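Q: I would like a close look at a single part of this protein, with enough of its surroundings to place it. Please take one strand and follow it outward through its neighbours.

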Amino acid sequence: MDSQKWDYEIFWIETIKRIQSEITEQEYTMWFKNMLYTGSEESVIMLSVPSSFYKDQIIQRYLNRIEDTLLELSGQNIRVEFNITKRADNKKENKKPEEIKNPHAVDVQKKPKHRQLNNEYTFERFVVGDSNSFAANAAYSISRNPGKGYNPCLIYGGVGLGKTHLIQAIGNSAYQEFNNLKISYITAETFANEFIFSIQKKSGHLFKNKYRSIDILLIDDIHFLQGKEGTQEELFHTFNALYDSNKQMVFTSDRPVSELRSLSDRLRSRFERGLNVDLQPPDYETRMAILNRKIEEKRITISSDIIELICRNIKTNVRDLEKALTKLIAYSELVNKNITLETAQRQLQDFFAQPNHKNITIDNIQKVVAEYFNLSYNDLKGKKRTKAIAFPRQIAMYIAREITEYSTTEIGLEFGGRDHTTVMHACQRIEDRLKSDATLEPTIQHIIRALKGYGV
Ligand code: ADP
Ligand code: MG
């Protein structure tokens, strides 16, 4: 068969032109510049992309649009297929990797591991869902265009949600992509210790030189710097030096900058200057996707009902999901048997029984909510049904349901012996209201944060 017959390249070129005119330049650069037309078959266009992360993102974001445009232009149903080609520079069309003369280009396979980075923390291994897609996309974009777009970038979120994984993925990806870039990953704690050491040893100039000559500076867990004035001061100067010469900086923190305490105003304003993105706890579908990926990586098989059991019960963060999986694997190796649903349930009992926020009781919640709404604790628990009391009571029930593992029956009992259906109804009311009232979510988050510091 004449292979020329299936050459759809002109339609492809026209399609990307159209899409380019419809999206922002940044989006175009991020997603389309690294995509390369490699050929056609009957009703199929083949493209190469640099990674599976990239492929998933393109499919999710643009596949419909691409295929619709191809249909419109060619009058045919042309599908798009992606091949992952780990070439260092896809922009150089029709050249084999050896021929690429880009000084930054490297062979992904050959480059040794960056000594400060864990090479398992890559974008390929990072599962993207609603809870983390903004942060993951920003991180990916930074790794491809360091110093050119989102600078600085601060990724924040609770423990075990993937901050370290993402910040290191930026380092790993940029390290493979570019030669001659100095990339440094460090925790804020190590940064502080090195700084103090340099003062003691009177080698401050070496410390300054070291950090001010870096191209991509990645500092993990900056909440650690709270109250550390000297280190903050030093970081402030490092920041300015790097920022002025368009060097990329990425930070992570366990909370938004506005909630960091004992932080100098000028450093705070620097952190806030660039892009601030958050990581949220994964939803059920993302938890399933993550767990399935981990199981695949470990090359083991676990039945889907056990995977569902874990994902239904562990809602806190990815680290807890991993711990549950590790425990099951360890058990199955120990007894040298496949795991059944019953054993899984028994083995993971402790994990499941733990409330998400250890030691938070319904009583704690009632006190904090009462205080927040300026009500008496007894009224909140009592029988009165005026609106001024009923609404805070519903919020308290909702929070109890969300952040503890108490059943609706147990919650009802704590609220003056109410029935579990009352609790369910209250939770439903709050959920409905959350959809229409944008101020409610911050209120609830505020109360939850207050609870974490409350007698626990
Ligand atoms: P943090 O720094 O926010 O406390 P980590 O980055 O250490 O969290 O993540 C905890 C664990 O969960 C790590 O093993 C990490 O690889 C894994 N993890 C977190 N998010 C994801 C994700 N979206 N996909 C795959 N693994 C993830
Ligand atoms: Mg971390």
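The answer below begins with strand E2 and then turns to other parts of the chain.

A: What is shown here is a predicted model, and its protein chain comes to 20 helices and 8 strands. The C-alpha atoms of the chain fill a box of roughly 80 × 70 × 55 Å along the principal axes, and buried residues make up 45% of its 456 residues.

Against that background, strand E2, which spans residues 44–49, is a useful place to begin. Buried means under 20% relative accessible area, and 6 of the 6 residues of E2 are buried, so the strand is largely enclosed by the rest of the structure. The side chains alternate in direction: Val 44, Met 46 and Ser 48 point one way from E2, while Ile 45, Leu 47 and Val 49 point the other way, and all of these residues are buried.

The strand has pairing partners that can be taken in turn. With strand E1, residues 36–41, E2 pairs in the antiparallel sense over 5 bridges, and within this pairing Glu 41 stands opposite Val 44 of E2. E1 and E2 form a hairpin with 2 residues between the strands, and in that hairpin Ser 43 takes a positive phi near 60°. With strand E3, residues 79–84, the sense is parallel, and the pairing with E2 extends over 6 bridges. Here the bridge partner of Met 46 is Glu 81 in E3, and Met 46 is also one of the buried residues that point the same way from E2 as Val 44 and Ser 48. The chain between these parallel strands includes helix H3, residues 52–74, and E2, H3 and E3 together make a right-handed β-α-β unit.

Parallel pairing can be followed elsewhere in the chain, around strand E4, residues 153–156. E4 runs parallel to strand E7, residues 248–253, and is joined to it by 4 bridges, with Leu 154 standing opposite Phe 251 in E7. E4 also pairs in the parallel sense with strand E8, residues 275–278, over 4 bridges, and in that pairing Cys 153 stands opposite Leu 275 of E8.

The surroundings of ligand 1 form another part of the picture. A shell of 18 residues surrounds ligand 1, and the closest of them are Val 127, Gly 160, Thr 164, His 165 and Arg 319. By residue type, this shell divides into 7 nonpolar, 6 polar and 5 charged residues. As for individual polar approaches, an oxygen atom of ligand 1 is 2.7 Å from a polar backbone atom of Gly 160. On the side-chain side, an oxygen atom of ligand 1 is 2.8 Å from an N or O atom of Lys 163, and an oxygen atom of the ligand is likewise 2.8 Å from an N or O atom in the side chain of Glu 322. The protein covers 93% of the 560 Å² of accessible area that ligand 1 has on its own. The elements that give two or more residues to the shell are helix H5 (163–177), helix H10 (284–297) and helix H12 (318–335).

Some single residues complete the survey. Ser 184 is found in strand E5, residues 183–187, and it counts as buried because its relative accessibility is 6%, under the 20% limit. The side chain of Ser 184 makes a polar contact with the side chain of Gln 116 at 3.5 Å. Thr 443, found in helix H20, residues 440–452, has a relative accessibility of 17% and therefore also counts as buried. The side chain of Thr 443 reaches the backbone oxygen of Thr 439 at 2.9 Å, and Thr 443 and Ile 395, which are 48 residues apart in sequence, are 9.7 Å apart in space from C-alpha to C-alpha. Lys 228 is found in a loop, between strand E6 (216–220) and helix H8 (229–244). At 31% relative accessibility, Lys 228 counts as partly exposed, because that class lies between the 20% limit for buried and the 50% limit for exposed. Lys 228 and Leu 263 are 35 residues apart in sequence, and their C-alpha atoms are 8.0 Å apart in space.

To return to the starting point, E2 is a strand with 6 of its 6 residues buried, paired in the antiparallel sense with E1 and in the parallel sense with E3.

Key. Residues are numbered from 1 along each chain as its sequence is written. Chains are lettered from A and ligands numbered from 1 in the order in which they are written. Side-chain values use heavy atoms; hydrogens and water are left out. Buried means under 20% relative accessible area, exposed over 50%, partly exposed in between (1.4 Å probe, protein chains only). Two strands pair if DSSP finds at least two bridges between them. A crossover is right-handed if, with the strands pointing away from the viewer, the path from the first strand over the helix to the second runs clockwise. A residue is near a molecule or strand if one of its heavy atoms lies within 4 Å of it. A polar contact is a pair of N or O atoms within 3.5 Å; within protein, one must be able to donate a hydrogen and the other to accept it, and residues adjacent in sequence count only if both atoms are side-chain atoms. Accessible areas come from the Shrake-Rupley method with a 1.4 Å probe; for residues, only the protein chains shown count as cover. Ala, Val, Leu, Ile, Met, Phe, Trp, Tyr, Cys and Pro count as nonpolar, Asp, Glu, Lys and Arg as charged, and the others, Gly among them, as polar.
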